[in-house]
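This report looks at how two chains of an assembly meet, from the overall contact down to the strands that cross between them.

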Amino acid sequence: MNVLVCFKSVYDDVAIRTNSDKTLDYQAVPHIVSLYDLNAIEAAAQFVEADPEDRNLIALTVGDTKIHDTTMRKNVAARGASEVYLVMDDALEDAETHQTAQAVAAAVKKIGDIDLIICGDGSADVYAHQMGIQLGEILGIPNVNAVIDFKAEGNTIKVTRELDEEIEHIEVQTPAVLSVLSDMAQPRICQVKDIMTAGRKPVHELTLADIQCELPAAQYQILETKVPEPTPRKMVFFEATDEGIDQFIEQVHTYLTTEGA
Amino acid sequence: MYELQEEERMILSMVDSVCTDIIADRAAEIDEQDEFPQDIYDVLAEQGLFGLAMPEEQGGFAVSVNCWAQCVARLAEESPAVALMLFVAAIGADAIMTYGTDEQKNTYLPEIIAGEKKISFAMTEPNAGSDVWSLTTSAKPTENGYVISGNKMFISNAEVADLFCVFAQVDVDGERKPAAFIVDAHDERVVISAHEQKLGLHGSPTCPIFFDKVEVASDALIGEVGQGAQIAFHALNRGRIALAATALGITRASLKASATYAEGRKQFGQPVFDFEAVSFMLADMRIAATASHGLIDDAIDAFVNDARDVKERVAAAKVFCSDAAQQAATNAVQIHGGYGFCKEYPVERYYRDAKAFTILGGTNQIQRRIIADEVRKQFAL
Amino acid sequence: MKIFVIAEREQPVSELCAGARQFAEEVDLVALPTTQVVDGVADKVYRLEVPEGRMMEDAYVALANLIEQERPDAVFAESSRRIQLLLGRTAARVGGSVISNVNAMPGAKEASTMYFGGLANRKYKGEDGTTSFFFVRPATFPDAEPSGNNVEVMVPFVEPSYEVKRTEVGPRVKGDVDLPSAKRIVSVGRGIKEEKDLDMVRELCSLIDAELGCSRSIYEAENWLPKEALVGISGSTVVPDLYLTLGISGQAQHMVACDGATTIMCVNTDPYALIFEHSDYGSKADLYTVVPRMIEYFKAHPLK
């Protein structure tokens with residue numbers, strides 16, 4: 001059984017700075033595996049490691065050419081993938097959900113013979129919860145989100161979904177796409193042996209042309225990306241004195257008996 | 001300075017995760033309980049950290065000594081007692097790695113790397129610190145091997161050890177020749193006493209050992225009889241690099257804790273960081289950390305290339321890093337004021353732990369003598 | 001201008017219909033079997049039919065057909081798990097992309113979204129002639145009023161090309177907390193030292209009729225409170241009248257989720273904590289001093 005896990009490569013938001021015009025400064029900011037996709041990789045790796053004779057894990061990312069980071073791909077390989085595919089093309093910069101899903105679908109067809117696709121809950125940058133769903137639809141195969149657990153019995157995948165109000169148990173036939181919740185698995189801390197062998201695993205670098213993907217037109221313009229002005233607040237503060245504490249508590253009381261009643 | 005390879009940077013980042021996710025929560029507890037933290041040892045073993053600078057033939061990962069030393073330093077930022085697990089394993093296994101036969105390597109190294117067996121370095125005696133020639137522990141040749149008798153002191157992690165690398169004098173035609181042996185720590189004639197109550201480094205038990213006519217086979221001998229001093233020097237050099245790295249970890253931890261505290265603590269309406277007296281101490285800690293890192297890499301360069309002046313360069317790293325750590329921890333307590341004197345803040349622990357490194361692996365006075373001797377050779381003769 | 005609204009719970013149904021009405025002559029509500037339809041919010045209510053024993057999201061083929069037929073300019077959706085799946089499948093089927101985490105809409109096809117969990121806002125404009133899909137966060141249209149006659153239209157089920165078998169469904173056991181609709185919330189962070197200290201906070205909550213929430217550090221590190229109590233980008237977004245924080249530092253991922261509160265108050269011993277910059281009223285005293293005295297005060301001066 002070939003299991004494919006999809007991951008997004010994003011800027012490490014801890015290292016992003018703000019320019020004076022409130023736009024974001026990405027200079028020298030490294031690319032990392034998007035936070036919740038690490039959980040997806042872990043869920044997929046645990047599934048594969050439960051039956052290592054029969055199951056094989058492949059990892060795939062698509063993005064612009066800035067995701068060309070060798071440490072990031074080794075990091076993914078160290079987490080249990082036997083090979084890593086990177087589709088890199090600047091046409092994919094800020095790709096919309098449908099464009100990304102089309103590129104991933106084309107890559108899946110190019111790789112071939114995939115039985116199960118695992119995606120994360122959402123990416124660290126736009127957190128859209130959409131890629132796995134749209135991917136499944138484009139491929140015309142069963143797809144569900146909010147997966148908290150799954151297991152395979154032959155070609156049947158038994159899935160538990162954790163919805164807002166319900167727990168739902170469903171069954172699908174392979175091939176299928178599952179978008180897993182981050183609560184399903186916590187990312188491992190890789191061992192030295194995983195790290196040392198990661199670099200020996202095959203890495204395939206492809207372009208959109210290599211996977212015969214013609215990207216659909218974008219349907220939205222990005223007008224701007226700016227750090228927001230904070231909501232104006234009264235900012236009335238009370239000191240840590242007996243008197244200050246009394247005044248603060250009276251303020252809470254006043255509020256709750258007038259405008260906040 | 002040595003630039004880490006990509007995989008080595010990934011390993012260091014993994015150690016960072018181990019530190020923040022696992023060790024950080026345990027560090028104060030380890031200090032308070034003063035018991036060997038087997039749970040943390042198991043984590044280090046599982047992660048493969050005992051195999052870092054070990055040969056690949058026996059299951060090691062053969063990363064650079066520099067990478068290994070930086071991992072030790074990172075662990076020490078969280079807990080020097082934990083960092084010393086790597087020190088003890090390395091100094092204990094050095095003789096086998098460097099002078100052992102293939103059979104000895106294949107027998108012992110895989111178990112040490114996997115964390116299944118712990119090996120401790122048993123050299124120091126009540127009346128012989130770093131001087132191999134004045135050891136009194138003896139190894140009497142018998143028909144099939146040797147009988148080892150004598151007392152050892154301050155043996156790190158002895159009470160949890162499975163193996164000892166023991167240094168003893170062999171009487172050859174009336175002449176005493178130092179040699180190194182592998183001894184089973186569980187032999188009933190090996191008597192390990194309760195660990196010392198130390199000022200710091202709690203959780204890294206230090207014990208006296210009595211070898212009560214312990215019989216070992218002839219294949220317990222590492223290298224040749226008479227090679228003991230040279231074997232010990234090599235192991236001590238490796239060990240002193242680890243000690244220097246552990247001290248560097250304390251310097252870095254002192255800096256981090258102090259800078260964070262100084263920024264958050266307000267006096268007279270401003271962060272204490274803004275006071276020059278404080279900020280200069282922080283700047284000095286940074287300078288000390290950078291210089292320590294440089295001297296450690298220089299010592300490693302000498303060590304791996306068997307440089308003629310290796311002893312001096314390793315001694316320089318050990319002296320500088322441990323003095324710097326002691327100074328940094330002292331200033332860290334000072335910056336924290338009254339809080340720094342309380343167990344609530346980790347700098348109190350750094351202060352107690354830092355002292356050890358000016359003594360361990362040969363006092364800084366002995367190290368300075370080694371360096372001074374080299375200076376005299378160069379200029380005075 | 002025509003806008004479709006898809007939502008399940010009552011509040012988003014009203015909010016999104018009201019918001020859509022600001023821009024569109026025609027506002028139509030698409031209702032799942034679980035949707036709590038509110039009277040007088042839309043011109044049409046399209047009811048998606050779902051056969052017994054099927055997952056509701058399988059209604060997407062019918063929805064996609066409806067969208068291709070009706071060609072709405074935009075779809076405003078509540079970001080529930082089911083609607084994420086339903087709308088994602090639908091969008092893919094009609095060749096559309098979805099914009100998520102919308103927190104402001106200057107126009108029917110213009111959306112400001114949270115980028116990197118609120119680090120920045122990214123503004124999008126949907127191309128004319130396409131259907132734009134937006135997942136809209138709570139409280140995006142605070143002052144709008146919904147209207148309409150709710151003319152019911154049944155949308156028959158259409159089989160998807162693949163099968164998903166639903167074998168079992170049951171209620172999810174949740175914490176007894178409903179933060180998104182709470183009017184008053186007391187939220188705790190790292191400043192709380194032990195689980196038993198939550199008792200005094202709970203007592204305060206009952207005195208001022210507030211729900212208890214928490215920051216990510218408490219939820220993840222301590223597990224003292226259920227997921228429903230988590231306020232933040234990965235938890236609930238809240239819009240109470242009063243949001244009172246105790247020992248919360250005020251990181252961006254937390255603040256974006258409570259920024260819609262009318263009034264924010266804080267108690268934090270660190271006068272330089274970020275939370276003060278986001279607060280209307282703040283006490284620099286220790287919560288362990290303030291909370292017992294608040295309890296005493298509200299016992300002596302009970303709220304009506």
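## Basis

Two strands are taken as paired if DSSP finds at least two bridges between them, and strands themselves are DSSP runs of at least two residues in state E. The model described here is predicted.

## Domains and the contact between chains A and C

Chain A is divided into domain 1, covering 2–206, and domain 2, covering 230–261, and the centres of these domains, taken over C-alpha atoms, are separated by 47 Å.

Between the chains, 68 residues of chain A are in contact with 67 residues of chain C. On the side of chain C that touches chain A, at least two residues each come from elements including α3 (81–94), β5 (98–107), β10 (165–171) and α7 (287–300); α3(C) gives the most, with nine residues. By class, this side of chain C has 26 nonpolar, 22 polar and 19 charged residues.

## Antiparallel pairing

Strand β11 of chain A, residues 166–173, runs antiparallel to β10(C) and is joined to β10(C) by six bridges. Within β10(C), Glu168(C) stands opposite His169(A).

## A sheet shared by both chains

An open sheet of six strands, paired in parallel, follows the order β15(A)-β15(C)-β14(C)-β13(C)-β11(C)-β12(C). Because β15 (236–238) of chain A and β12 (211–214) of chain C stand at the edges with a single partner strand each, one side of each is left without a neighbour in the sheet. Direction ignored, neighbouring strands of this sheet are turned by 20° against each other on average.

The parallel pairing of β15(A) with β15(C) extends over three bridges, and Phe237(A) has Gly282(C) as its bridge partner in β15(C). Helix α6 of chain A, residues 242–257, lies across β15 of chain A as well as β13 (242–246), β14 and β15 of chain C, and runs at about 145° to β15(C).

Definitions and conventions: Residues numbered from 1 in each chain as written. Chains lettered and ligands numbered in written order. Predicted model: local features only at pLDDT ≥ 70, side-chain atom pairs only at ≥ 80, totals over all residues. Domains from an automatic or database assignment. Contact = placed C-beta atoms within 7 Å. Helix = DSSP H or I, 4+ residues; strand = E, 2+ residues; numbered from the N terminus. Nonpolar A, V, L, I, M, F, W, Y, C, P; charged D, E, K, R; others polar. Axes fitted to C-alpha atoms, helices over the stretch in contact; angles between N-to-C directions.
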